[in-house]
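Biologist: I am new to this structure and would love a close look at one part of it. Please take me through the strands and the loops beside them, one step at a time.

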Amino acid sequence: MSATTTTATIGDVQPLTGALGAEVRGVDLTRLDDEQWDALYATWLEHLVLFFPGQSLDADAHVALGRRFGTPEIHPYIPKRDADHPEIVVLDTVGGGAEFWHTDVTFSATPPMASILQMVMNPPRGGDTIFTNQYLAYETLSDPIRDLLDGLTAVHTATVFGHPEQNVAHPVVRTHPDTGRKSLFVNRTFTSHLVEVQRSESDALLEYLYTWSEQPRFQCRYAWSEGTIGIWDNRCTQHYAVPDYDERRVIERVTVIGDTPFGGTTRWEPFTKRQGYHQGYARDDTGAMKTDPRANSISRATTGAISPGHS
Ligand SMILES: O=C(O)CCC(=O)C(=O)O
Ligand SMILES: [Fe+2]
């Protein structure tokens, strides 16, 4: 847990909760020398999500910040800011948008390592974003459940974007390439099913893991102001944008391509293959999304419409 106040060379770091998150002041993200960059990266690994108020980066600086982390991703489905900045997606919504627990783009073979959000237009009140610490969600499970999960893989699909044919299997428990820590890597927006167990077992187990991860004890909640940059480690967190306002809200986001998730040793054959079920078993399936009665936009997604809020 990260509950101490530290002053790093990147500025003043104020942790938000005992679970994750910190606000950082006194740093200019357009002028990071190598030493400051190293300090920022280490602080980010420690707190999982950092918020930098008062940055107001222009588009070039936003993309350049992404390049400090690695290679920015061109999102396949979300509208872009402009032709010169295909790396920047825009979520421009009224009264809500990404009100789904998710980790960004887990239907990719190399899901983003980092997501860099700039708050462009914020409602006068509301519109916070909640984040979870997926290390803690894993570490606090009992030994038998962790042992089971360590050998499982899950399929993630882009079904909510109308693209069930885009899908990939990832370990349910992934090892972070920088910290070596294990985290729970499933989410109710993109994860379709567990590969090695039968469907009813998969549905029950996943629903349990989603609900487990979403407990307040694993969370921080951040109230944005315009010009704030938020950077989350997309390998070990989930997030949810709270739809508690009626006004327009605009965010711009750069994601940075991550590694191929790894972890655990698969100990069992895929259940579907062993039973001779057809290969496309889950590809057009939206059951994982339908199980969340709180996620209004899921019903939009199952009709085939693409919500700008899915990310
Ligand atoms: O609007 C937000 O606060 C978060 C949106 C989101 O899910 C994202 O940018 O990845
Ligand atoms: Fe997101």
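Modeller: Happy to! A helix here is a DSSP run of H or I with at least four residues, a strand is a DSSP run of E with at least two, and both are numbered from the N terminus. Please keep in mind that this is a predicted model.

Let's begin with a loop. Leu48 sits between helix 1, residues 34-47, and strand 4, residues 49-52. Its phi is near 75°, a positive value in a residue other than glycine. A residue counts as buried if 20 or more other C-beta atoms lie within 10 Å of its own. Leu48 has 27 other C-beta atoms within 10 Å, so this loop residue is buried.

Val105 brings us to another loop, the one that links strand 5 (88-94) and strand 6 (112-121). Here, too, phi is positive in a residue other than glycine, with a value near 55°. Val105 is buried because 24 C-beta neighbours fall inside 10 Å.

Now follow the strands at the two ends of that loop, strand 5 and strand 6. As general background, strands of a sheet pair through backbone hydrogen bonds, and they may do so in parallel or antiparallel fashion. Strand 5 runs antiparallel to strand 16, with seven bridges joining them; one pair to look for is Asp92 and its bridge partner in strand 16, Val250. Strand 6 is also antiparallel to strand 16, and eight bridges join these two. Along this pairing, you can find Gln118 opposite Glu252 of strand 16. Strand 16 itself spans residues 248-257 and is mostly covered, as seven of its 10 residues are buried. While you trace these strands, it may help to know that in a regular strand the side chains alternate between the two faces of the sheet.

Let's finish with an open sheet. It has three strands in the order 9-8-12, with antiparallel pairing. Strand 9 (163-171) and strand 12 (191-194) are its edges: each has a single partner strand, so one side of each is left without a neighbour in the sheet. From one strand to the next, the twist averages 25°. Strand 8 covers residues 153-158, and six bridges join it to strand 9, with the two running antiparallel. To see one of these contacts, go to Ala158, whose bridge partner in strand 9 is His163.

Definitions and conventions: Residues are numbered from 1 along each chain as its sequence is written. Chains are lettered from A and ligands numbered from 1 in the order in which they are written. This is a predicted model: local features need pLDDT of at least 70, side-chain atom pairs count only at pLDDT 80 or more; totals for chains, interfaces and linings use all residues. A residue is buried if 20 or more other C-beta atoms lie within 10 Å of its own, exposed if 12 or fewer, and partly exposed in between; C-beta atoms are placed from the backbone. Two strands pair if DSSP finds at least two bridges between them. Axes are lines fitted to C-alpha atoms, for helices over the stretch in contact, and angles run from 0 to 180 degrees between N-to-C directions.
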